[in-house]
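Visitor: I have a structure open in front of me and would like to learn how to read it. Could you guide me through some of its features?

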Amino acid sequence: MVIAAGVDIKGVNQLTGGESRFEQDILDQLFLRLFEEQPDYAEHPPTFEPALAQGFTWSEDGTVIRIQLRSDLEWSDGVPITAADVVWTYTAQIDPDIAWLEAQSKDSIEDVVALDDHTVEFHFSRIYASRLSDLNEGVILPEHAWSKLPFSEWRGNEEWFLDNLVVSGPFTLAKLEPQHQIVLERNRNYFRQGYPLLDRVVFRVIPDRTNRVEHLLSGQVDFVEHVPPKRSRDIERSKRADLISKWHRQYTYIGWNGCQGLFEEATVRKAMTLAIDRNALVEALWGEMARPALSPILTSVWAFNRNLVAWPYDPDQARRLLAEVGWEDHDGDGYLDREGRTFSFELATNADNQTRADAVVLIQAQLRRVGIDAQVSLLEFNSLWERHQNHGVDAILSAWGIDTSLDLKYAFHTDSIEDGKNYGCYSNPEVDELIARARRQARPETAAPLLRRIQQILHDEQPYTFLWEPMRLYGVSKRLENAQPNPLSAYFNLEEWWLAPKTGAKTGLKTG
Amino acid sequence: MIGFLVRRTVTAALVVAIVLTLTFFAVHLAPGDPTTRFLHPRMSQVQQDQLRRTLGLDRPLPEQYFRWLGSIVLRGDLGFSFVHNRPVSRVLAEHLPPTLLLVSAALLIQFGAGIALGALAARHEGSWTDRTVRWLSLVLYSAPHFWLGLMALLLLSYRTGWFPASGMSSVDALDWGRWWSPRRLLDTAHHLALPASILGLAMAGGVTRFVRNSLLEVTRENFIRSSRAAGVNERRILWPLALKNALVPVIQIAGLSLPYLLSGALVTEVVFSWPGMGRLTYGAILARDYPVILGATLLVAIMVVAGTLLADLGHAAVDPRVRAGITDHKAR
């Protein structure tokens with residue numbers, strides 16, 4: 001089977017690489033985690049199915065989790081997978097010389113102890129809702145094979161890990177040709193008997209999105225992720241492929257810079273939201289492949305506040321609100337002004353994303369109708385973010401991809417202005433307190449009322465104007481059976497995929 | 001001649017050193033750094049700073065420069081790629097061969113097609129053949145590489161399936177033995193045909209027009225007229241007499257084509273998903289992978305300088321006037 005990929009992987013060591021979602025997805029085919037997070041978070045917090053682990057029990061005070069590992073597990077070289085691998089992986093994950101990007105997920109873990117070959121305990125310093133998610137962050141690595149290289153030499157030595165690769169997942173890496181192809185082959189020591197169903201999966205690196213779709217339509221590949229919305233109809237009409245659509249774990253927003261005065265007032269930010277026709281934007285840019293966003297917690301997530309009522313597109317109300325705080329067209333030049341200052345600001349986004357570039361131009365025209373001069377800036381990604389991180393952009397159109405921990409501290413807590421992603425300097429003591437309390441809850445369910453209240457305040461104060469939640473589109477050959485990509489991973493059940501013989505054709509749109 | 005070579009080599013080394021130094025400061029002073037792209041909501045500033053320390057990016061820029069220079073000059077070590085987590089020399093070694101293959105094939109097509117079409121047009125000056133060739137060369141020269149590439153893909157791959165649309169080998173090639181087995185070589189040639197043709201033909205337009213004009217100029221020289229008067233066959237006048245003389249300046253064009261081909265290779269590599277230096281360098285620039293940017297710059301600078309030097313030497317080898325100039329320079 002051949003899959004068209006937009007990027008390739010740089011290696012097999014998650015702790016020194018694993019930067020892209022795609023790379024994480026591939027590494028999850030090579031190495032197992034303790035648990036496998038399930039994409040069932042629409043009605044309740046996500047559940048975790050055993051992977052390396054067989055089961056677990058929490059201590060009465062909730063600070064210690066004892067995990068029982070399966071006893072029939074082996075690395076691909078036949079060496080048993082034990083609790084020692086789990087402990088050693090943890091020491092690598094927090095090692096400062098390795099500087100793993102996700103090391104923060106282990107901040108609240110005080111110790112990891114192997115009680116015997118198949119029992120391991122994680123000791124937490126505090127109780128909070130996403131402990132299981134945090135301990136499960138990162139794949140388990142082979143101590144017997146990789147501990148031969150000191151941690152201080154891990155950076156810059158990816159070749160060594162490729163040469164000493166042993167795996168625990170359904171596939172092993174047969175060949176890695178940078179920018180060309182990644183070849184996975186069945187791991188014959190995989191614990192699930194009879195799986196994976198495919199002997200070999202080839203990921204061909206095709207950087208251009210349109211070309212990837214053409215490869216699918218011409219039968220040269222069997223699966224494509226990141227189908228551009230404009231090409232979805234071509235796939236639906238094709239005799240060779242089907243379209244699968246899933247709500248993506250991402251929201252696009254305009255972040256207002258409240259550090260510099262213009263967007264410091266909630267009234268102004270709310271007026272901006274009222275002046276932007278978000279439904280028209282979604283319709284023009286995405287059609288049915290996105291929906292308006294309302295909150296940093298996605299509509300498809302269990303903790304979303306379903307009582308939120310979307311702010312309408314109401315330019316008159318926007319003008320009234322702005323007049324209340326002194327923004328009116330005093331000099332008759334067609335633009336609002338206050339104390340001699342024209343309401344003019346920079347609306348920036350990254351130039352390499354055409355949808356965002358189109359969006360800022362449409363928004364510019366909409367704001368012009370209420371007398372606001374939005375100066376569009378299309379900047380190179382690094383340049384944009386360096387300025388944004390230094391609070392130097394008036395307003396940014398960007399997006400956050402989010403996990404299921406629902407920790408809103410990153411962008412909405414006062415502490416995150418200095419150490420986080422709160423680049424717009426949003427600060428509300430009540431939100432700070434609610435975020436802190438939500439982070440202290442032992443179970444995600446008990447954090448729900450707090451999260452709902454936070455969403456309501458953010459809705460009222462609009463530190464962000466939430467624009468849209470996109471779908472992720474996948475093109476699937478009609479010969480490919482049982483492919484179930486989901487928002488957690490496009491290759492979630494890759495071990496269960498199989499290819500039908502070249503005769504016969506299925507029809508229809510697969511949705512989810 | 002040896003003195004000329006030594007002087008040119010020293011100058012070339014100086015040019016490469018200046019290019020590298022300017023590139024070093026340009027990329028380090030550009031906004032962002034290798035950690036900017038890690039925009040996971042849960043990655044803290046502390047974590048980002050830790051990574052900067054691990055990569056040595058927290059040190060003053062002059063210190064970083066002299067460390068980097070020292071490791072190149074003293075140990076020949078280009079450092080390791082922040083993105084690929086491997087020595088830069090290994091990363092470049094992986095990506096250079098596909099680009100060299102593509103560019104070499106494109107050079108052959110560029111000059112093969114360019115010279116043949118140029119000669120054809122000159123031979124039939126003023127005829128419809130001449131007009132067609134001139135029109136075709138103008139189209140090839142002015143059409144953007146990416147457009148030509150996309151059209152070729154659409155017509156010759158997606159619609160007809162005659163050529164593969166991406167990569168440099170078939171998916172099943174892994175089972176066909178070593179890369180030098182006849183089946184693998186044929187497979188690579190099949191994959192190379194479209195991208196090399198597009199890159200080569202796009203550049204051939206200029207060569208065609210140059211050869212045509214140069215040939216027409218030469219055929220008006222006295223020695224050609226004398227040959228004609230002496231009854232030499234018209235074909236023999238064209239080759240070897242006229243064409244051999246008309247091609248002398250083409251050697252210079254070949255040397256100067258290298259930078260254009262290398263920059264054109266980036267677009268071709270993206271359109272045809274060809275793994276090579278262009279995509280590597282472009283990705284490194286976006287990711288601020290400083291060691292790879294500098295390593296690639298070093299390699300390209302050496303190739304360009306060497307290409308120019310070889311063109312000069314080639315020119316001197318075939319043109320006694322140029323050779324005499326070099327000798328005179330030595331004498332002075």
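Guide: Happily! Let's begin where a helix ends: α11(B) is followed by Arg288(B), whose phi is positive, near 55°. Keep in mind that this is a predicted model.

Visitor: What is the usual sign of phi?

Guide: Most residues other than glycine have a negative phi, and most peptide bonds are trans. Chain A offers further cases to look up. Ala99(A), which is not a glycine, has a positive phi of about 50°. Cys425(A) also has a positive phi, near 60°.

Visitor: Where are Ala99(A) and Cys425(A) found?

Guide: Ala99(A) lies in the loop between α2 (83–93) and β6 (109–116) of chain A. Cys425(A) sits in the loop between α13 and α14 of chain A.

Visitor: Is Ala99(A) buried or exposed?

Guide: Here you count neighbours: a residue is buried if 20 or more other C-beta atoms lie within 10 Å of its own. Ala99(A) has 21 C-beta neighbours inside 10 Å, so Ala99(A) counts as buried. Cys425(A) has 17 other C-beta atoms within 10 Å and is therefore partly exposed.

Visitor: Which peptide bond is cis?

Guide: Look at the bond from Tyr195(A) to Pro196(A): this peptide bond is cis, with omega near -5°. You will find Pro196(A) in the loop between β9 and β10 of chain A.

Visitor: Let's return to the helix we began with. Which residues of α11(B) are buried?

Guide: They are Met277(B), Gly278(B), Arg279(B), Leu280(B), Thr281(B), Ala284(B) and Ala287(B). These buried residues of α11(B) pack against α4, α10 (248–271) and α12 of chain B.

Visitor: How do I describe the way two helices pack?

Guide: Start with the angle and the distance between their axes. Helix α11 (residues 277–287) of chain B packs with helix α12 (residues 290–318) of chain B at an angle of about 140°, and their axes are 8 Å apart. Angles over 145 degrees count as roughly antiparallel. α11(B) and α12(B) are therefore oblique to each other. The crossing of α11(B) past α12(B) is left-handed.

Visitor: Which residues make that contact?

Guide: From α11(B) come Met277(B), Leu280(B), Thr281(B), Ala284(B) and Ile285(B), while α12(B) provides Val292(B), Ile293(B) and Ala296(B). By class, the residues of the contact of α11(B) with α12(B) are seven nonpolar, one polar and no charged.

Visitor: May I see a pair in chain A?

Guide: Try helix α14 (residues 429–440) of chain A and helix α15 (residues 444–461) of chain A, whose axes come within 9 Å and cross at roughly 155°. α14(A) is therefore roughly antiparallel to α15(A). The crossing of α14(A) past α15(A) is left-handed. On α14(A), the contact is made by Glu430(A), Val431(A), Leu434(A), Ile435(A), Arg437(A) and Ala438(A). On α15(A), the contact is made by Ala447(A), Leu450(A), Leu451(A), Arg453(A), Ile454(A) and Ile457(A). The residues of this contact of α14(A) with α15(A) are nine nonpolar, no polar and three charged.

Visitor: How can I see that sequence distance and distance in space are separate things?

Guide: Take Ala119(B), which sits in helix α4 (residues 88–123) of chain B. Ala119(B) and Leu243(B) are 124 residues apart in sequence, yet 7.7 Å apart in space, C-alpha to C-alpha. Leaving out residues up to four places away in sequence, Ala119(B) touches Val211(B), Leu215(B), Leu238(B) and Leu243(B). Ala119(B) counts as buried because it has 21 C-beta neighbours inside 10 Å.

Visitor: How many helices and strands does chain B have?

Guide: Chain B has 13 helices and zero strands. Of its 332 residues, 35% count as buried. Chain A has 15 helices and 23 strands, and 49% of its 512 residues count as buried.

Visitor: What can a radius of gyration tell me about chain A?

Guide: Compare it with a rule for globules. With 512 residues, a compact globule would have a radius of gyration near 24 Å; chain A has 25 Å, which agrees.

Visitor: Finally, how many residues does each chain bring to the contact between chains A and B?

Guide: Chain A brings 48 residues and chain B brings 41 residues. On the side of chain A that touches chain B, α12(A) gives the most, with six residues. By class, that side of chain A has 17 nonpolar, 16 polar and 15 charged residues.

Terms used:
Residues are numbered from 1 along each chain as its sequence is written. Chains are lettered from A and ligands numbered from 1 in the order in which they are written. This is a predicted model: local features need pLDDT of at least 70, side-chain atom pairs count only at pLDDT 80 or more; totals for chains, interfaces and linings use all residues. Two residues are in contact if their C-beta atoms, placed from the backbone, lie within 7 Å. Helices (H or I, at least four residues) and strands (E, at least two) are DSSP runs, numbered from the N terminus. Ala, Val, Leu, Ile, Met, Phe, Trp, Tyr, Cys and Pro count as nonpolar, Asp, Glu, Lys and Arg as charged, and the others, Gly among them, as polar. A residue is buried if 20 or more other C-beta atoms lie within 10 Å of its own, exposed if 12 or fewer, and partly exposed in between; C-beta atoms are placed from the backbone. Axes are lines fitted to C-alpha atoms, for helices over the stretch in contact, and angles run from 0 to 180 degrees between N-to-C directions. Angles under 35 degrees count as roughly parallel, over 145 as roughly antiparallel, 65 to 115 as roughly perpendicular and the rest as oblique. A crossing is left-handed if the near helix is turned anticlockwise from the far one by less than a right angle, and right-handed if clockwise. The radius of gyration is taken over C-alpha atoms; the globule rule is 2.2 Å times the number of residues to the power 0.38.
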